[in-house]
Amino acid sequence: IGGNSIDGRYFAGLIAGARGNGYRARGGYHNLIHSADQAGINRQVDYLRRELDAAGATFGMADVEPYTELKTNGLWPRWTDVTPFHDRWWTLEARQMVWYIGRWVWGDWLGTPDLRVVDGMLINAAYPDGDGTPQQIYQAAGGPAGPGWDPYGGRTPDIWQYTSDGDVNG
């Protein structure tokens, strides 16, 4: 829960605010880390479930990325971490699991596995050059025909995160 953009200490408050404002889909994400055994994967799944339960979240997301800190410590997630995490989650949970596995992670870090074995939505993160409003950035990147929608691992992404910054009102 948390990660590099939202500190986990604020998670419950953010979820409560979303619930109070009528959002039905409220989720939290977990930065998957490499584990030497199934017990380590189980601890990660169980932790995520406890945090989601405590906050009243309706779905989870596994963020599969080789952050610098994880690479430095040999803890970046491998495909051998994704599949047991997936299996443990779906053995215990009815809530949806979303998979944040960008094409670059799939190709450069996971060994190009078949993503059709992963149940749940797939998010591709690929940032084209450009600035402006989110709509302008998306259109400049090709919109619905943009490369962020190209299939990989046997799947077409359900969501394309095409920017981490843009001009918004307010």
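Hi everyone, let me start with one residue, Gln-44. Setting aside neighbours within four places in sequence, Gln-44 is in contact with His-30, Asn-31, Leu-32, Ile-33, Ser-35 and Phe-85. Before I go on, please keep in mind that this is a predicted model. Gln-44 sits in helix α2, which covers residues 38-55. Is Gln-44 buried or exposed? With a relative accessible area of 8%, Gln-44 is buried, because buried here means under 20%.

Let's stay with α2 and turn to charges. In general, side chains of opposite charge can pair when their charged atoms come close. How many salt bridges does the structure hold? There are six. One of them joins the side chains of Asp-46 and Arg-88, at 2.8 Å from N to O. Asp-46 belongs to helix α2 and Arg-88 to helix α4, residues 79-92, so this pair ties together parts that are 42 residues apart in sequence. As for accessibility, Asp-46 is partly exposed at 22%, and Arg-88 is partly exposed too, at 24%.

Further along comes another pair. The side chains of Asp-53 and Arg-95 meet in a salt bridge, with 2.6 Å from N to O. This pair also links distant parts of the chain: Asp-53 is in helix α2, while Arg-95 is in the loop between α4 and β3, and they are 42 residues apart. Here the two partners differ in accessibility: Asp-53 is partly exposed, with a relative accessible area of 48%, whereas Arg-95 counts as buried at 14%.

Arg-95 has a further partner. Its side chain meets that of Glu-93 in a salt bridge, at 2.8 Å from N to O. Glu-93 counts as buried, with 12% relative accessibility. Which residues make up the wider network? Salt bridges link Arg-49, Asp-53, Glu-93 and Arg-95.

Now for helix α4 itself. At 1.5 Å a residue, its 14 residues should span 20 Å, and the end C-alpha atoms are 20 Å apart, so the two values agree. Several residues of α4 are buried, including Trp-79, Val-82, Phe-85 and Trp-89. What covers the buried residues of α4? The cover includes β1, α2, β2 and β3.

That brings us to the nonpolar cores. The largest has 25 residues, and those with the most contacts inside it are Val-64, Val-82, Phe-85, Met-97, Trp-99, Ile-101 and Leu-115. At least two residues of this core come from each of α1, α2, α4, β3 and α5. The largest share, five residues, is supplied by α2.

Met-97 deserves a closer look. Leaving aside neighbours within four places in sequence, Met-97 is in contact with Leu-48, Gly-60, Met-61, Ala-62, Phe-85, Trp-89, Trp-90, Asp-119, Gly-120 and Met-121. Apart from the largest core lies another one, of six residues, among them Tyr-29, Met-61, Tyr-100 and Ala-125.

To wrap up, let me go back to Phe-85. Phe-85 is in contact with Gln-44, is buried in α4, and is among the residues with the most contacts inside the largest core. Thanks for listening, everyone!

Terms used. Residues numbered from 1 in each chain as written. Predicted model: local features only at pLDDT ≥ 70, side-chain atom pairs only at ≥ 80, totals over all residues. Heavy atoms only, no water. Helix = DSSP H or I, 4+ residues; strand = E, 2+ residues; numbered from the N terminus. Buried < 20%, exposed > 50% of the residue type's maximum accessible area, 1.4 Å probe, protein only. Contact = heavy atoms within 4.5 Å. Salt bridge = Lys/Arg side-chain N within 4 Å of Asp/Glu carboxyl O. Expected span 1.5 Å × (residues − 1). Core = buried A, V, L, I, M, F, W, Y, C linked by side-chain atoms within 4.5 Å.
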